[in-house]
Amino acid sequence: MKESKAKILLVDDEPDILEIVSYNLKNEGYQVYTAENGEEAIKKAKKKKPDLVILDVMMPVMDGIEACEKMRKMPELDKTIITFLTARGEDYSMIAGFDAGADDYITKPVKPRVLVSKVKSLLRRNVAEKETEDNVKKLGDLVIDRDQYKIFFKKEELILPRKEFELLSLLTGQPGKVYTREEILDVVWGNEVVVGGRTIDVHIRKLREKLGDKRFKTVKGVGYKYVQSK
């Protein structure tokens, strides 16, 4: 048994498909949950928060299209990939699926090996998108791209010296959190140079001049915090 990976919710009203597809996905180490109709799928998706949902289109009680539309309105499934299982020639199902918010589709009948390959591809895409989101922080009119060391303020690129960028990146990591002077010195300056609290004050002043005074709050005797603008 391989190490457990992503969570997958498989939804189909045909027991044979559930059994065969579940078997092959579990062999790859995925955590697989099943449902036999859209209504049951929504309940399980809300509870399990899967990384991927594989939905059949034609099902009793609630079909895949309606289930997809409802899932796309659930905040807890915002990052979940949804792909449909559609029979060959059902072009209308593919179009309806995309209109409902699906990310992709898989044509059936499908060979287990091809299905597993498709699932891996979809999940890799999801991981890449999450990593990109982690490295690009959006806070209202402020966008911080940590990979490229770029700042965009009110849609205009703003050039910051390295230490100002790192200080801003730290404070915006958790808006509202108070970072002590010791934390700031350790993360931003580390063991590079011996600097005092005055150095932090100077860099905060420069950031205030460029981004506005109200974004940076001084907590006397402790440190600083970033307050997200409304």
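Colleague: What makes Ile-82 count as buried in this structure?

Modeller: In this predicted model, Ile-82 has a relative accessible area of 1%, and because buried means under 20%, Ile-82 is called buried. Ile-82 belongs to strand S4, which covers residues 81–87.

Colleague: Which residues does Ile-82 touch, beyond those up to four places away in sequence?

Modeller: Ile-82 touches Val-53, Leu-55, Cys-68, Met-71, Arg-72, Ala-102, Asp-103 and Asp-104. Of the pair Ile-82 and Asp-104, it can be added that they stand 22 residues apart along the chain, while their C-alpha atoms are separated by 6.9 Å.

Colleague: How do you know that H6 is mostly covered?

Modeller: Ten of the twelve residues of H6 are buried, which means that each of those ten falls under 20% relative accessible area. Among them are Phe-165, Leu-168 and Leu-171, but also Lys-163, Glu-164 and Glu-166.

Colleague: Why is the span of H6 described as close to the expected one?

Modeller: The expected span is 1.5 Å times one less than the number of residues; for the twelve residues of H6 this expectation is given as 16 Å, and the helix reaches 16 Å from its first C-alpha to its last.

Colleague: What does H6 give to the largest nonpolar core?

Modeller: H6 gives five residues, the most of any element. That core has 22 residues, and those with the most contacts inside it are Leu-142, Leu-168, Leu-171, Ile-184 and Phe-216. Other elements that give two or more residues include strand S7 (142–145), helix H7 (181–189) and helix H8 (197–211). Apart from this core lies another, of 21 residues, with Leu-9, Ala-41, Val-57 and Ala-100 among them.

Colleague: Which residues is Phe-216 in contact with, leaving aside its neighbours within four places in sequence?

Modeller: Phe-216 is in contact with Leu-168 and Leu-171, and also with Ile-204, Leu-207, Arg-208, Leu-211, Lys-225 and Tyr-226.

Colleague: What makes S10 and S11 the edge strands of their sheet?

Modeller: The open sheet has three strands in the order S10-S12-S11, with antiparallel pairing, and strand S10 (179–180) and strand S11 (216–219) each pair on one side only. H6 packs on this sheet, touching S10, S11 and S12, and its direction makes about 70 degrees with that of S12.

Colleague: How do you know that S10 and S12 pair?

Modeller: Two strands pair if there are at least two bridges between them, and S10 and S12 are joined over two bridges in the antiparallel sense, so the pairing cut-off is met. Tyr-179 stands opposite Tyr-224 in S12.

Technical notes
Residues numbered from 1 in each chain as written. Predicted model: local features only at pLDDT ≥ 70, side-chain atom pairs only at ≥ 80, totals over all residues. Heavy atoms only, no water. Core = buried A, V, L, I, M, F, W, Y, C linked by side-chain atoms within 4.5 Å. Buried < 20%, exposed > 50% of the residue type's maximum accessible area, 1.4 Å probe, protein only. Helix = DSSP H or I, 4+ residues; strand = E, 2+ residues; numbered from the N terminus. Contact = heavy atoms within 4.5 Å. Axes fitted to C-alpha atoms, helices over the stretch in contact; angles between N-to-C directions.
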